[in-house]
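Please walk me through the contacts in this structure, first between the chains and then between domains.

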Amino acid sequence: MRFFKTLGTKPWLDPTMVSTAGVALAVDPLAAPRTALRFIMGMVSVLFFLFIITFLSRSQYPDFQALAGQPWQPFSDPSRLWLNTAILALSSLAMHWGLWSARREQVNRAVVGISAAVFFAVAFLVAQLELWRHLQTMGYYVNTNPANSYFYLLTAVHGLHVLGGLMVLANVVFRVWYDGAMARLSGPLTLCTHYWHFLLGVWLLLFALLTSRVETINMLAALCGF
Amino acid sequence: MQHTAIADQIEEDLHEPHSFFTTYIWSQDHKVIAIQYSITAIFVGLVALVLSGLMRLQLGFPDTFDFIDPSAYLQFVTMHGMIMVIYLLTALLLGGFGNYLIPLMIGARDMVFPYLNMLSFWTYLLSVIVLLASFFVPGGPTGAGWTLYPPQAILQGTPGHDWGIILMLASLAIFIVAFTMGGLNYVTTVLQARTHGMTLMRMPLTIWGIFTATVLGLLAFPALLVSAIMMMLDKVIGTSFFMPALVSLGESLDYTGGSPILFQHLFWFFGHPEVYIVALPAFGMVSDVIATHARKNIFGYRMMVWAIVAIGGLSFVVWAHHMYVSGMHPAFGFFFATTTLIIAVPTALKVYNWVLTLWRGNIHLTVPMLFAIGFIFTFTHGGLTGLFLGNVTIDLPLSDTYFVVAHFHMVMGVSPIMVLFAALYHWYPLITGRMLHTGLGKAHFWFTFLGTYAIYLPMHYLGFLGVPRRYFAMGGSDFIPESAQSLNASITFAALIVGLSQLIFIYNLVWSLRRGEPAGHNPWGATSLEWQTPDVPPRHGNWGPELPVVHRWAYDFSVPGAERDFIPQNQPEGKGAEG
């Protein structure tokens, strides 16, 4: 609502007013990265939203075969996916613990938390690659079926975002370390943690979608008007 | 992500570059990056201009030029369209003017993420190189049309169906990465680095236009990225996202029944906001040029802002008006026709406000003002034909004819270009410290303005006759009279003259750099902050030791009782503003 109030002001009246608005960065050095992160998460959401919409639309063509639901389909037993999800969730948890420690200025614990988060994130990527290899040994290649194509595509795009998060995290930790200001770690780490949780949320959504039975997919597609 | 609060630093902390490389090549200064963006965009735009000249030669004088065969013609059409829309207009308006003007107009020292800003330019340059490389690969660039519709874009029979389309898709993906890095900078800088007193509603309309367009870009470009990635996989790995089961050249292909229409939806979900990504910065800049050169406050500032925001929002729900002929449920056609006509309301409101700003203004017919007035004409004409095409029943017979070509060239080709010229003539004195030559500028304006009418007005008639677009040659069609060919030839003459007249502008740019009249401070008597810098052109850090403090909006022109006919935004009450 504040936005609408702002749009309602009449700037030609009261020319004497020197507003305190502006130079937010002087007050809060994290203001800019926080805003940027919000936009990044918005963009990534749009990206996955569009992928998912196309998935639902494509699912209504006759050659589409869901990945789960019948015994011969690759994710009729989704235990591997559950394992990978658990690994990513551990990464998120470790990150949160690291942040919690950083806020209490327990630097050593924070470092342990971040290291564990990185370890589990890398483990998640390796496990996803292993899952790809497993699918291929079962004969499910990228172009075997549109649902398979989407599985490889969506996991790849999600994995790239995890990789991007790892690079930013490395940059953050290196910079804070280099400046010798570990006490100030919690600010930027908050943003990294938000991103970590966000990617976990995206993954859960993808997991649910990709392992849905054909009836569920058809219902979602019908809700979207396909 | 600890970040340097660059907007509020004093100059000593700004790490002013000293070497040639850090000053001009690997620069993190927004002004240098803006110039790098602009020069690259203008260069690649000139390439696209030459391509359009070649196309016109073929259309005006068929069977005359041996080096233009049907494949080459389609490649010229495709590359001309894509370069002009993405690599020239988007890059120049946002990468060029966005970069230059945002920090200066809001009173910041630089963008909030200067390093990312530098990366944005170099990534953009890479995308341009990848795009231009497609001219030199086997098969040449793609000739699929700028919309790159599958299945034909990646099938045999379409020029550049191998390397050309791959490089095009790769280049687009790289461009989107570049735009994202730049775009994050623009929105964050506007939201977080404005100087004291610069409330959102005191920002010049230029910034509102650039800001809203950037938000649109950040939300719309993912759709292009998604379609580019999926088409690339269809091409390279053989997936069937968009590719239907089909027989090509007598051979049954491995594709299993994808949906080409899905691509169209994705493409236009990006493509229509893209029109406004180009138009909104132009709307903003032309508002400021008109107010400054008419010495009058912009009429209806708040409505102008609301219109920009409303157009931005509505631009996401009109995309399927590009797809009426692809076969859609009549209810969808009705919906998209309605939203299309609704978006005309805030757009028309802006046109009225520009005209009402001029009304009883103290109009100075400077070169920027001439281009701004020219824009009002071309945009109104292009917008009115948009109302025709927005209706399903009128669009069906006119679709894929020269009427459409004339419409979109008037509304999003010529009009933003007119604003770009207005903006270049207006801000060149700030960028270089010298004025552009007025006589050459006026010659440039009249050639361009009258010339574009000579090109596009007759094109509407060709469209009415049913002359289809994208055809290499018309052949013997009974419904197209021979006089259509004479009209085509005259259009080609006009196009070549307009194309050549741009050399006047390029010459003026280069000549004035050294020999132009020194501009001094604020030659146009403008109120906005970018003209109030201690140095012209502004130095690194823009503002000297103290950031400016803003006391008023950007349109205090001809205030009764004031000493001068403008009051700069950073001038406190009581200094020259008494009634």
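The paragraphs below treat the two interfaces in turn.

This is a predicted model, in which local features need pLDDT of at least 70, side-chain atom pairs count only at pLDDT 80 or more, and totals for chains, interfaces and linings use all residues. Residues are numbered from 1 along each chain as its sequence is written, chains are lettered from A in the order in which they are written, and side-chain values use heavy atoms, with hydrogens and water left out.

Chain A puts 50 residues into the contact and chain B 59, where contact means heavy atoms within 4.5 Å. Together the two chains bury about 4,900 Å², of which 72% is on carbon and sulfur atoms; buried area is the accessible area (1.4 Å probe) that two parts lose on being put together, summed over both. The rule finds 0 salt bridges across this interface, a salt bridge being a side-chain nitrogen of Lys or Arg within 4 Å of a carboxyl oxygen of Asp or Glu.

Chain B is divided by its domain assignment into domain 1 (25-185), domain 2 (204-244 + 255-334), domain 3 (365-517) and domain 4 (518-579); such bounds come from an automatic or database assignment. The C-alpha centres of domains 1 and 2 of chain B are 17 Å apart, and 35 residues of domain 1 are in contact with 35 residues of domain 2. About 2,900 Å² is buried between domain 1 and domain 2 of chain B, 87% of it on carbon and sulfur atoms. The count between these domains is 1 salt bridge. The side chains of B:Lys235 and B:Asp162 form a salt bridge at 3.2 Å, N to O.
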